[in-house]
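Subject: Structure for you to look at

Hello,

Here is the structure I promised to pass on. Please open it and keep it beside this email while you read.

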Amino acid sequence: MRIIVVGAGIIGLASASELLRRGHEVTVFDPDPVAGASRAAAGMLAPTTEFAWGQDVLHPLLADAAGRYPAFIAALEGRTGLRTGHRRTATLALGVDAADRETLAELAARRGAAVRRITGSQARELEPALAPAVSGGLLVPDDHQVDPRRVAAALLAELGSRVRLEAVAAVEREAGSERATGVRTVSGERADADEVLVAAGLGATRIDGVPPLPLRPVWGDILRLRVPDGIRPLLTHTVRGLVRGSAVYLVPREDGELVLGATVREGGVEGVQAGGVLALLRDAERILPGVAECEIAEVLARARPGSPDAVPLLGRVAPGLVVATGFDRHGVLLTPLAAELGADLIEGRGVAPAVSAAMDPFRFDGTGDATAEGTATGTGTGAARATGAPALSVA
Ligand SMILES: Cc1cc2nc3c(=O)[nH]c(=O)nc-3n(C[C@H](O)[C@H](O)[C@H](O)COP(=O)(O)OP(=O)(O)OC[C@H]3O[C@@H](n4cnc5c(N)ncnc54)[C@H](O)[C@@H]3O)c2cc1C
């Protein structure tokens, strides 16, 4: 098939790569590849420490995606010869005061075997640069990291000239029918396709011909620090800190970069927010005093493509048209799963009903529109959500 992918963030690129390897003719449109949320992302692959109450539908998806990561990375690095910064070192979830430890104890109670409780001094044995204020926490062996910019660079290298630096203005539909037939770029050029995959993050809401989607920007400020040679390695594990209830994370890369993030805000300025950066640096220093000696290499703010329930909007919305967006704060982790599901939907393969129901882009309006077309997804899930969607088994 001739397939057009709109959007070269991590989701669009990985989906395009998967479709290419399945033998399709793929073209990706994006005026500025990897300039959206994927550029900011820390790259934590954290199905355990991302656990949140009330997200029973999301968590099996995160666990499924985490299980796919080693093979996804090995294959990508093998095909391209490029490194992706995938590190399988455990994560430390650490608290400062009694309330922070209580919050982590609740996580331990919920996640049981996935975590091991540690004291403050055990944490400092693993990471000698941690502050004396760190009073305890959890060792989480299965939460890892990748460098999303390197993953994207490898995918871009693989796709080469199939990526066209143009924005899409509209998905074209067949006269008198809902069937998508291709796209029209902002410069007015038409490109035909058998299938269109819209993976444009928040930009999906601004493309004519894409049905209204319940997306909202969830802003995040994030810093990249350079650890001076004299104090390397400052940190070897990813650390997720709670400092008097306020969350901060520190993700150490192999090359001495330390990613420090991230705020979560739904309003305020669209650029970097001063108060957000101030809070991140203050809380990070409480956990790791050496942060104050680092060089600030970059400060960035990007909006996560948020969905109402933090579960992606991935499904067929019309004949010839699949959307893959709404990856919120988990898009990097969900990438291997999203790429495979997106490609399955494009090819008309069956997707497990519980999975397609969980991600149905129409689940909030209760119409389950996509089933009207007899497609592989869209199972009329407004009702499933209203009654509390069942736990999933994705594998
Ligand atoms: C501060 C921060 C930290 C994060 N940390 C993590 C993390 O640790 N782990 C994790 O799993 N996730 C994390 N995330 C979430 C993750 O970044 C997103 O879920 C993921 O990047 C979404 O990818 P995407 O490809 O859907 O969207 P994007 O990366 O936003 O890409 C969308 C692309 O579509 C293009 N586009 C838009 N409109 C058009 C158009 N009309 N025509 C053509 N192209 C168009 C844009 O140029 C852009 O390149 C973080 C996000 C932020 C902001």
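In which sense do β14 and strand β15 pair, and over how many bridges? The pairing is antiparallel, and five bridges hold the place where β14 meets β15 (residues 246–252). Before going on, please note that this is a predicted model.

**The hairpin and its neighbour**

Stay with β14 for a moment. Together with β15 it makes a hairpin, and two residues sit between the two strands. One residue in that turn is Arg-244, with a positive phi of about 50°. To find the pairing by eye, look for Val-243, which stands opposite Ser-246 in β15.

β14 has another partner as well. Strand β4 (residues 91–95) is joined to β14 by five bridges, and here the two run parallel. Ala-93 stands opposite Arg-240 in β14. So β14 is a handy place to see both kinds of pairing: parallel with β4 and antiparallel with β15. As general background, strands in a sheet pair through hydrogen bonds of the backbone, in a parallel or an antiparallel way.

Is β14 covered or not? Strand β14 spans residues 238–243, and six of its six residues are buried. Both of its faces are covered. Thr-238, Arg-240 and Leu-242 are buried on one side. Val-239, Gly-241 and Val-243 are buried on the other.

**The six-stranded sheet**

Next, find an open sheet of six strands with mixed pairing. The order is β8-β2-β1-β12-β19-β18. Its edge strands are β8 (163–164) and β18 (313–318), and each pairs on one side only.

Look inside this sheet at β12 (residues 195–198). Strand β1 (residues 2–6) pairs with β12 in the parallel sense, over four bridges. Val-6 stands opposite Val-198 in β12. β12 is also joined to β19 (residues 321–325) by three bridges, and that pair runs parallel too. There, Val-198 has Val-323 as its bridge partner. Val-198 is therefore worth a click, as it is bridged to Val-323 in β19 and stands across from Val-6.

Both faces of β12 are covered. On one side, Glu-195 and Leu-197 are buried. On the other, Val-196 and Val-198 are buried.

**The three-stranded sheet**

Another open sheet has three strands, in the order β9-β10-β11, with antiparallel pairing. β9 (168–173) and β11 (190–192) are the edge strands, each pairing on one side only. Ignoring direction, neighbouring strands here are turned by 25° against each other on average. Five bridges join β9 to β10 (residues 180–185). Val-171 stands opposite Val-183 in β10.

**Two buried polar side chains**

Now for some single residues. His-24 lies in the loop between α1 (10–21) and β2 (25–29). Buried or exposed? His-24 counts as buried, because its relative accessibility is 12%, and the cut-off for buried is under 20%. Its side chain has two contacts to look at. The side chain of His-24 reaches the backbone nitrogen of Met-1 at 3.2 Å. A polar contact of 2.7 Å also links the side chains of His-24 and Glu-347.

Ser-38 sits in helix α2 (residues 37–40). With a relative accessibility of 13%, Ser-38 counts as buried. A polar atom of the Ser-38 side chain lies 3.0 Å from the backbone nitrogen of Ile-10.

**The cavities**

Last, the empty spaces. Rolling a probe the size of a water molecule over the atoms shows where space is left empty. How many cavities of 30 Å³ or more does the structure hold? There are three of them. The largest cavity has a volume of about 60 Å³.

Which residues line the largest cavity? They are Gly-85, Arg-87, Gln-145, Asp-147, Arg-150, Arg-253, Glu-254 and Asp-255. By class, six lining residues are charged, two are polar and none is nonpolar.

Best wishes

Definitions and conventions:
Residues numbered from 1 in each chain as written. Predicted model: local features only at pLDDT ≥ 70, side-chain atom pairs only at ≥ 80, totals over all residues. Heavy atoms only, no water. 1 Å grid on protein atoms, 1.4 Å probe; cavity = no way out; pocket = protein on both sides within 12 Å on 5 of 7 lines; lining within 4 Å. Points joined across faces, edges and corners; volume = space filled by probe spheres on them. Nonpolar A, V, L, I, M, F, W, Y, C, P; charged D, E, K, R; others polar. Pairing = 2+ DSSP bridges. Axes fitted to C-alpha atoms, helices over the stretch in contact; angles between N-to-C directions. Buried < 20%, exposed > 50% of the residue type's maximum accessible area, 1.4 Å probe, protein only. Polar contact = N/O pair within 3.5 Å; in protein donor to acceptor, adjacent residues only side chain to side chain.
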